[in-house]
Amino acid sequence: MAQVTMDKLVSLCKRRGFIFQSSEIYGGLNGAYDYGPLGVELKNNIRDFWWKEMTQLHDDIVGLDASILMHSRVWEASGHVSNFTDPMVDCKVCKARFRADQIDLNAPCPNCGNKGTFTEPRNFNLMFATHIGPDADSASTIYLRPETAQGIYVNFKNVVQSSRVKVPFGIAQVGKSFRNEITTKNFIFRSCEFEQMEMQFFCKPGTDEQWFPYWREQRMAFYGKMGIRLDCLRWHQHGPDELAFYAKDAYDIQYLFPMGWQELEGVHSRTDYDLTQHQKFSGKDMTYLDPETNERYIPYVVETSAGLTRNVLMALSDAYDEEPTPEGDTRTVLHFHPLIAPIMVAVLPLVKKDGIGEYAEKLEHELREDFTTFFDQSGAIGRRYRRMDEIGTPYCVTVDYDTLKDNTVTLRMRDSMQQIRIPVDQIVSEIHKASKTYKRS
Ligand code: ATP
């Protein structure tokens with residue numbers, strides 16, 4: 001395994017069209033990124049995989065797509081207006097800004113090396129505030145949501161009353177969140193605009209003791225199914241200093257990113273805190289009447305909260321490798337699981353002429369029904385394979401002179417570089433079979 005560095009990932013992402021800095025031609029905007037042609041496919045695939053896993057493959061989980069803008073009282077009730085802050089310090093000499101909880105305040109400034117130059121820490125609210133309507137006064141202040149979870153809590157009653165769900169059940173949502181982060185280094189790991197995949201599971205008080213370990217286990221298993229190396233994932237339990245005052249227990253799934261172990265997803269046991277807060281602030285009843293026992297209670301919540309864009313970074317760094325080839329050079333390869341690979345199949349005519357190009361193009365059009373495909377007929381075949389390896393395309397189909405005679409093609413596997421000859425009408429089933437049984441080699 002080659003050592004993957006953030007620089008290598010950033011450069012590959014830009015060169016091959018996964019991720020660009022926002023507003024690059026104007027010098028770039030810190031903490032914001034644009035997903036290019038391959039990046040958007042990768043991100044959508046991870047999102048769709050999560051969505052399918054959480055809604056379709058689990059009992060009693062329904063979806064929601066709440067708006068980004070919400071009533072500002074929501075954020076008073078949730079505690080974000082008063083508490084969603086990070087302590088910030090500035091270096092008086094070089095003006096660099098840091099999160100006070102992420103550096104040693106007695107050590108020299110990590111940027112300029114001067115000692116004793118930090119300001120006193122001051123709290124800084126991470127929510128982006130703006131105004132709704134033409135008047136920019138305090139009455140019109142509104143926030144870009146810093147998490148998707150509150151959209152789920154405030155719709156709890158709507159979902160119970162309009163669907164056939166019964167506690168225990170969950171509501172899943174994927175969407176943008178915004179945080180005015182003080183330090184946004186490490187590429188898309190921590191950005192000001194990002195996407196979250198959250199599920200809030202509502203259960204009877206007391207049963208959270210069973211659901212909490214259940215969801216921890218489910219969420220770790222998910223990453224195995226996504227093809228992530230399990231030895232690069234671990235649990236971190238929140239200590240008393242990290243635990244929110246209302247939380248009963250909280251664990252993070254951490255991944256070994258190029259800069260070290262960092263949080264990927266949180267699984268939190270949140271009690272009835274959020275629904276109780278909304279009941280208090282809205283004056284609306286947030287209780288649930290159990291139809292079987294006639295008991296009335298505010299459900300407890302187990303939350304699974306993953307960063308989608310952070311998952312993209314994990315998928316890229318987990319997949320990245322540089323490997324020696326039989327020809328004696330090195331290939332860069334992304335070992336994406338076929339489920340999330342931006343392109344599943346590339347169709348490559350050995351040469352353009354003699355009808356081979358046309359045959360391959362027609363085949364690529366046919367395969368579009370089943371897979372995301374790509375057609376490439378420029379350059380030597382070896383170079384075209386390398387280009388596909390570098391963007392993580394698991395399967396290449398090559399059309400050559402023999403194809404015209406006997407309708408067979410070469411199917412090349414990205415990881416093993418093994419090639420097999422198969423009849424053209426077996427490609428779809430062969431690729432389906434290979435992707436279903438895929439194991440990274
Ligand atoms: P931190 O303490 O690192 O700021 P957090 O513990 O506040 O993060 P949560 O509020 O639990 O994070 O958010 C849930 C998930 O959302 C995180 O595990 C992460 O994957 C993602 N996330 C949070 N903030 C960001 C961000 N600024 N950029 C990208 N992803 C983020």
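Start at the ligand in this predicted model. Of the 15 residues around the ligand, select E181, R190, S191, E263 and L264, which come nearest. Then add R179: an N or O atom in its side chain is 2.9 Å from an oxygen atom of the ligand. For L264 the atom to show is a polar one of the backbone, and it is 2.8 Å from a ligand oxygen. F189 also contributes through its backbone, where an N or O atom lies 3.5 Å from a nitrogen atom of the ligand.

Stay in this stretch of the chain and select N186. N186 lies in the loop between strand 9 and strand 10 (193-203). What is the sign of phi at N186? Phi is positive there, near 70 degrees, in a residue other than glycine. Most residues other than glycine have a negative phi. N186 has a relative accessible area of 26%, so it is classed as partly exposed.

Next, go back along the chain to the loop between helix 6 (156-162) and strand 9 (169-178), where P168 is found. Display the backbone of V167 and P168: the peptide bond that joins them is cis, with omega at about 5 degrees. Most peptide bonds are trans.

Now select D60, in the loop between helix 2 (37-56) and strand 3 (61-63). D60 is not a glycine, yet its phi is positive, at about 60 degrees. Its relative accessibility is 44%, and D60 therefore counts as partly exposed.

From D60, move on to residues 85-90, which form strand 4. Three bridges join strand 4 to strand 5, and the two run antiparallel. To find the register, pick D90 and look across to strand 5, where R97 stands opposite. Widen the view to the sheet as a whole: this is an open sheet of three strands in the order 5-4-6, with antiparallel pairing. Which strands form its edges? They are strand 5 (97-99) and strand 6 (122-125), each of which pairs on one side only. Looking along the sheet, neighbouring strands are turned by 45 degrees against each other on average, direction ignored.

The cysteines come next. How many disulfides does a search of the whole structure find? The count is zero. Select C91 together with C94: the sulfur of C94 is the nearest cysteine sulfur to that of C91, at 3.7 Å, and C91 is in no disulfide. The cut-off for a disulfide is a pair of cysteine sulfur atoms within 2.5 Å. C91 is buried, with a relative accessible area of 1%.

For another cysteine, select C192. Why is C192 without a bond to C13? C13 holds the closest cysteine sulfur, but that sulfur is 19 Å from the one in C192, which is too far for a bond. C192 has a relative accessible area of 12% and is buried.

Turn to helix 7 (residues 208-225) and select W211 in it. At a relative accessible area of 23%, W211 is partly exposed. Add V302 to the selection: W211 and V302 are 91 residues apart in sequence, while their C-alpha atoms are 7.1 Å apart in space.

The last stop is strand 19, residues 345-349. Is strand 19 mostly covered or mostly open? It is mostly covered, with five of its five residues buried. In a regular strand the side chains alternate between the two faces of the sheet. Colour V345, V347 and P349 for one side of strand 19, and A346 and L348 for the other; both faces are covered, as these residues are all buried.

Strand 19 has parallel partners to inspect. With strand 20 (residues 373-375) it pairs in the parallel sense over three bridges, and A346 stands opposite F374 there. Trace the chain from strand 19 through helix 10 (residues 356-367) to strand 20: this β-α-β crossover is right-handed. Strand 19 also pairs in the parallel sense with strand 21 (residues 395-399), over five bridges. To end the tour, select P349 and its bridge partner in strand 21, V399.

Terms used
Residues are numbered from 1 along each chain as its sequence is written. This is a predicted model: local features need pLDDT of at least 70, side-chain atom pairs count only at pLDDT 80 or more; totals for chains, interfaces and linings use all residues. Side-chain values use heavy atoms; hydrogens and water are left out. Two strands pair if DSSP finds at least two bridges between them. Helices (H or I, at least four residues) and strands (E, at least two) are DSSP runs, numbered from the N terminus. Axes are lines fitted to C-alpha atoms, for helices over the stretch in contact, and angles run from 0 to 180 degrees between N-to-C directions. Buried means under 20% relative accessible area, exposed over 50%, partly exposed in between (1.4 Å probe, protein chains only). A crossover is right-handed if, with the strands pointing away from the viewer, the path from the first strand over the helix to the second runs clockwise. A residue is near a molecule or strand if one of its heavy atoms lies within 4 Å of it. A polar contact is a pair of N or O atoms within 3.5 Å; within protein, one must be able to donate a hydrogen and the other to accept it, and residues adjacent in sequence count only if both atoms are side-chain atoms.
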